[in-house]
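Biologist: Please show the sequence and the structure, so that we may discuss them in turn.

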Amino acid sequence: MFNPSQADVRRFFCGAWAKSQAGQPLEAIETLAAGWMAEHPEWHPDFADAEAAVAREYGDGAVGGNPFLHLSMHLAISEQCSIDQPRGIRQAVELLAAKRGSLHDAHHEVMECLGQMLADAQSRRQAPDGNAYVACVQRRATQTPK
């Protein structure tokens with residue numbers, strides 16, 4: 001099983017960004033990462049220096065949050081949708097993206113559901129509940145605004 005360290009993750013994203021900016025060939029996962037990175041210009045300076053990124057502390061109060069955690073969630077959601085796991089996530093995300101008019105905006109909402117599922121699992125000391133996660137995304141896709 002793949003279990004990268006925090007430094008590995010940060011170096012991966014910074015490397016993918018450097019390669020994309022230089023017009024170098026990218027692996028498929030790097031292409032996906034660079035696409036999501038391009039959607040977040042506010043963090044482009046963070047991606048420009050891998051060693052500074054590895055050394056930086058992104059605490060709970062970090063302005064703008066942790067770009068590497070955020071991007072990792074984009075990649076996780078993209079992968080979940082590509083294999084429809086948990087079952088139903090692809091359709092739920094597609095519905096939410098259609099409702100929001102933006103896959104990027106939809107992903108940000110899905111991140112809230114993903115984070116809640118993980119927090120719930122951790123607090124219960126149980127496996128994450130994929131059905132609850134999909135249901136959360138489905139609710140967001142089908143609720144009418146107040």
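**Helix H6 and the salt bridges**

Modeller: In this predicted model, the buried residues of H6 are Ile89, Ala92, Val93, Leu96 and Ala97. They lie on the same side of H6, because the arc they cover around the axis is only 135°.

Biologist: Which helices do the buried residues of H6 pack against?

Modeller: The face of H6 turned away from the buried side carries the exposed residues Gln91 and Ala98. The packing is made by the buried residues, and their partners are helix H5 (67–83), helix H7 (103–124) and helix H8 (130–142).

Biologist: Is aspartate 46 buried or exposed?

Modeller: Aspartate 46 forms a salt bridge with arginine 56, with the closest N and O atoms 2.8 Å apart. Aspartate 46 lies in helix H3 and arginine 56 in the loop between helix H4 and H5, so the pair ties together parts 10 residues apart in sequence. Arginine 56 counts as partly exposed at 37% relative accessibility. Burial requires under 20% relative accessible area, and aspartate 46, at 15%, counts as buried.

Biologist: Which residues do salt bridges that share partners join into one network?

Modeller: Glutamate 109 and arginine 100 form a salt bridge, their closest N and O atoms being 2.2 Å apart. A salt bridge of 2.8 Å, N to O, also joins the side chains of arginine 140 and glutamate 112. Arginine 140 is in helix H8 and glutamate 112 in helix H7, 28 residues apart, and the pair links distant parts of the chain. Through shared partners, the network consists of Arg100, Glu109, Glu112 and Arg140.

Key: Residues numbered from 1 in each chain as written. Predicted model: local features only at pLDDT ≥ 70, side-chain atom pairs only at ≥ 80, totals over all residues. Heavy atoms only, no water. Buried < 20%, exposed > 50% of the residue type's maximum accessible area, 1.4 Å probe, protein only. Helix = DSSP H or I, 4+ residues; strand = E, 2+ residues; numbered from the N terminus. Arc of directions from axis to C-beta. Contact = heavy atoms within 4.5 Å. Salt bridge = Lys/Arg side-chain N within 4 Å of Asp/Glu carboxyl O.
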